[in-house]
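Reader: I'm happier at the bench than in front of a model, so please teach me how to read one. Let's take it feature by feature.

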Amino acid sequence: MADLSIELFGIRFKNPVWVASGTFGYGIEATRIYDVSKLGAVVTKGISLRPRPGNETPRIIETPCGMLNSIGLQNPGVESFLKELYPQIEKIDTHFIANVFGESEEEYVEVCLALESAHKIVAYELNVSCPNVKKGGIVFGHDPKVLGSLVERIKAKIRKPLLVKLSPNVSDITEFAKVCVDSGADGLVLINTLLGMRINIRKARPELSTKTGGLSGPAILPVAVRMIWQTFERFGFRIPIVGVGGITTHEDALEHIYAGASAVQVGTANFYEPFAPLKVIEGLREFMEREGVESFSKLVGKAHRLDIKGDVNLSQKTLQDSFRKGGDTECRP
Ligand code: SIN
């Protein structure tokens with residue numbers, strides 16, 4: 001059987017397929033429908049210092065090939081997370097990554113420090129890109145100086161690896177990636193949601209209570225792939241990239257991986273195809289076996305290797321599948 005295990009920032013993951021923050025609760029909920037320990041990692045819903053009720057409803061609306069959300073980082077706060085949820089997480093045999101959020105630098109640091117002794121949490125994913133809150137979130141992710149200072153300050157205080165989830169709502173994402181590289185981040189997560197809006201034409205008013213929200217789902221796959229490509233082109237293997245944005249199938253995941261992602265997260269697909277992460281794992285495994293790929297690392301950034309001319313020599317089955325995929329005009333959700 002093809003070995004999908006990977007090592008990133010000194011940690012061995014059973015496979016490179018993780019579930020994205022905000023689309024999978026705290027990993028506990030899905031244990032009722034499948035074996036969550038099969039996943040490479042679970043990234044938790046954003047955790048803040050104090051409990052947050054989130055935004056007023058309506059805060060989710062469907063869009064062509066995707067959805068808009070404006071949850072507002074609802075969560076029970078780090079203390080309650082550790083007391084009520086963490087003991088259940090401890091029973092699940094895979095790694096957890098805590099998505100961490102604060103309204104000030106100090107709050108980010110405090111949340112990370114509170115989680116330092118929770119051994120199932122192997123790394124932090126810094127949320128500096130939530131487009132749905134007035135304080136924190138995107139305020140940190142849209143100013144390179146503010147971002148650099150935050151990453152440096154947290155890195156100085158913690159022992160676990162620090163990943164930074166970047167916002168796509170900037171003109172050049174590689175400038176923000178550079179700040180993270182220079183400030184000592186251990187990995188990048190590309191991308192969070194794209195700022196969007198829908199209007200209810202019967203009511204002649206915005207669909208979401210906050211007017212705007214974050215667009216996710218298959219519609220954003222090409223944007224994520226483009227940003228991963230650009231970031232990998234600039235930094236290569238200097239910093240691992242975790243791809244997130246529009247992944248439903250292993251073919252989608254391969255686009256992220258060929259663009260430069262060393263691991264991927266399945267997000268919005270969890271809402272309309274709950275078994276998608278498991279299918280992506282199996283799809284990647286079958287693909288590697290069929291195509292005789294011994295090591296997953298050989299796939300990372302493959303589309304950048306300019307020595308590849310014409311089609312790579314693929315099996316008939318893979319060629320047929322990719323042909324069927326075609327222009328991908330079909331909307332999956
Ligand atoms: C939210 O809770 O509003 C979404 C989180 C995010 O986009 O980071």
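**Rings, a helix and a ligand**

Author: Let's start with rings: this predicted model holds 9 aromatic pairs. To count, the rings of Phe, Tyr or Trp (its six-membered ring) need centres within 6.5 Å; planes under 30 degrees apart are stacked, over 60 edge-to-face, and the rest tilted. Take Y26 and F81: their ring centres are 5.8 Å apart and their planes sit at 45°, so you'd call the pair tilted.

Reader: Which parts of the chain do Y26 and F81 tie together?

Author: Y26 is in the loop between strand 3 (17–19) and strand 4 (41–43), while F81 is in helix 1 (residues 78–89), so the pair joins parts 55 residues apart in sequence. Helices and strands here are DSSP runs numbered from the N terminus (H or I, at least four residues, for a helix; E, at least two, for a strand).

Reader: Are those two rings buried or exposed?

Author: Burial goes by relative accessible area: under 20% is buried, over 50% exposed, and in between partly exposed (1.4 Å probe, protein chains only). Y26 has 9% and counts as buried, and F81, at 0%, is buried too. For another geometry, look at F232 and F237: with centres 5.1 Å apart and planes at 90°, that pair is edge-to-face. F232 is buried at 9%, whereas F237 is exposed at 60%. Ring pairs also link F9, F13 and W18 into a cluster.

Reader: What ground rules sit behind these numbers?

Author: Residues are numbered from 1 along each chain as its sequence is written, and side-chain values use heavy atoms, with hydrogens and water left out. As this is a prediction, local features need pLDDT of at least 70 and side-chain atom pairs count only at pLDDT 80 or more, while totals for chains, interfaces and linings use all residues.

Reader: Next, helices. How many residues of helix 5 are buried?

Author: A general point before the count: an α-helix has 3.6 residues a turn, so residues three or four places apart point the same way. In helix 5 (residues 173–182), 7 of the 10 residues are buried, so the rest of the structure largely encloses it. The buried ones are I173, T174, F176, A177, V179, C180 and V181. Their cover includes helix 3 (138–141), helix 4 (144–157), strand 9 (162–165), strand 10 (187–190) and helix 6 (221–235). After helix 5 comes G184, which has a positive phi, near 95°.

Reader: Now the ligand. Which residues surround it?

Author: Here a residue is near the ligand if one of its heavy atoms lies within 4 Å. The surrounding residues are K45, N69, I71, G72, L73, N127, C130, P131, N132 and N192. For polar contacts, look for N or O atom pairs within 3.5 Å (inside the protein, one atom must be able to donate a hydrogen and the other to accept it, and residues adjacent in sequence count only if both are side-chain atoms). A polar side-chain atom of K45 is 2.7 Å from a ligand oxygen. N132 has a side-chain N or O atom 2.8 Å from an oxygen of the ligand, and for N192 the distance is 3.1 Å. On its own the ligand has 260 Å² of accessible area, and the protein covers 91% of that. Such areas come from the Shrake-Rupley method with a 1.4 Å probe; for residues, only the protein chains shown count as cover.

Reader: What does the side chain of N55 reach?

Author: The N55 side chain reaches the backbone oxygen of N132 at 3.2 Å. N55 is in the loop between strand 4 and strand 5 (60–63), and it is buried at 19%. Contact means heavy atoms within 4.5 Å. Skipping neighbours within four places in sequence, N55 contacts S70, I71, G72, N132, S209 and T210.

Reader: Let's zoom out. How many helices and strands are there?

Author: The protein has 10 helices and 16 strands. Its radius of gyration is 19 Å, which agrees with the value near 20 Å for a compact globule of 333 residues. That radius is taken over C-alpha atoms, and the globule rule is 2.2 Å times the number of residues to the power 0.38. Of the 333 residues, 57% count as buried. Among contacts with a separation of 6 or more, 72% come from residues 24 or more positions apart.
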